[in-house]
Amino acid sequence: YVAANLTDEEGNISGSSKKKAISSNNKVAIAKYIGESSDKSDVIDDIELNVMKLASPQVNVGNFLQPDSYVLSKGPYSFDLSIGDYTYEFQFNVKSNDTNLDIQQRLSRLINKSNVGVQAEVIENATGHTALQITSDATGVSSYSNRGLTFAIADTPGEENGDAVKFLGLDRVYEEPSNAIFTINGVEKSSPSNTISIPDQFEIELVGTSVEGDNTLI
C-alpha cells in the first residue's frame, strides 16, 4: 500500500528522490529540510552539531511578600517598562483593602493583556510568600542595553506616588538573557534564538544540550 502511493504513472518509486532531514538525537535538536525536496541535483552534506548552551530569556523576580499584608498605600501608581525601542507606561490603583497578593495578581493580568513582549505570573516560595515573576518572550542577549538585558522596569519619573517598583521589586533581574552556544562541524557559533538555519538546507530547533563527546548528526 505504501509503495503503491509512492509510485508515479510509470510505476517508478517517485518518493525516493524526496529529501527529509533527520536528527540522530531529537532530545538535542529537531531538524527540518528547507530546500527543494524534489531537486535531484542538490547534494546535502551531513553536519555534526554539539550544543553547549540554549538561548534563554530574561527573568525578573520581585520581592517575596506576605500575601495578606500591605506594602503600598492607597492611591494611583505607575511604572515604565522599556523593551527594545519602546517604553510603555503602566498605571494602576491601590485601594485601601488591597493586599500584596491582590496587587501582584492585578499587575500580572495588566502586563499579560498589554502584549508588549513579556509574560507575568505570581509565584510562591516555600514559606508561602508571593512575588511577581516577569519573563521576556524573546531569548538572547539584546543589543539595546549595555548589559544585554531585554527589558527594564522603573518608576515613572515625576509621579506623586513612587516606589511601587522598589517595594514590589519589579526591577530585580533574576536571570539575564543568554545566547545559544553550539558548534557546527567543530566551528563554534552563537545565536540569540534556539532556532537556527543553514540556508537552502536545514532549519534546526535546539531543544537540549549535548552530552560531552556525543555529537548530534543532522
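Reader: Over which residues does pLDDT stay under 50?
Author: This is a predicted model, where local features need pLDDT of at least 70, side-chain atom pairs count only at pLDDT 80 or more, and totals for chains, interfaces and linings use all residues. Residues are numbered from 1 along each chain as its sequence is written, and side-chain values use heavy atoms, with hydrogens and water left out. The model has 5 contacts (heavy atoms within 4.5 Å) beyond four places in sequence for the stretch in question. pLDDT, the predictor's confidence in each residue from 0 to 100, stays under 50 over residues 1-6.

Reader: What pLDDT does the protein chain average?
Author: At least 70 is the score of 87% of the residues. The chain average is 88.

Reader: Which residue in the turn between β10 and β11 has a positive phi?
Author: Strands are DSSP runs (E, at least two residues), numbered from the N terminus. β10 (residues 180-184) and β11 (residues 187-191) pair antiparallel over 5 bridges; pairing takes at least two DSSP bridges. The hairpin leaves 2 residues between the strands. With a phi of about 55°, the residue is Asn185.

Reader: Which residue of β11 stands opposite Ile181?
Author: β10 and β11 run antiparallel. Opposite Ile181 stands Ser190.

Reader: What is the strand order in the open sheet of 3 strands?
Author: Pairing in this sheet is antiparallel. β1 (29-33) and β12 (195-198) are the edge strands, each paired on one side only. The order is β1-β13-β12.

Reader: Which residue of β13 stands opposite Ile196?
Author: β12 and β13 (residues 202-206) run antiparallel, joined by 4 bridges. Opposite Ile196 stands Ile204.
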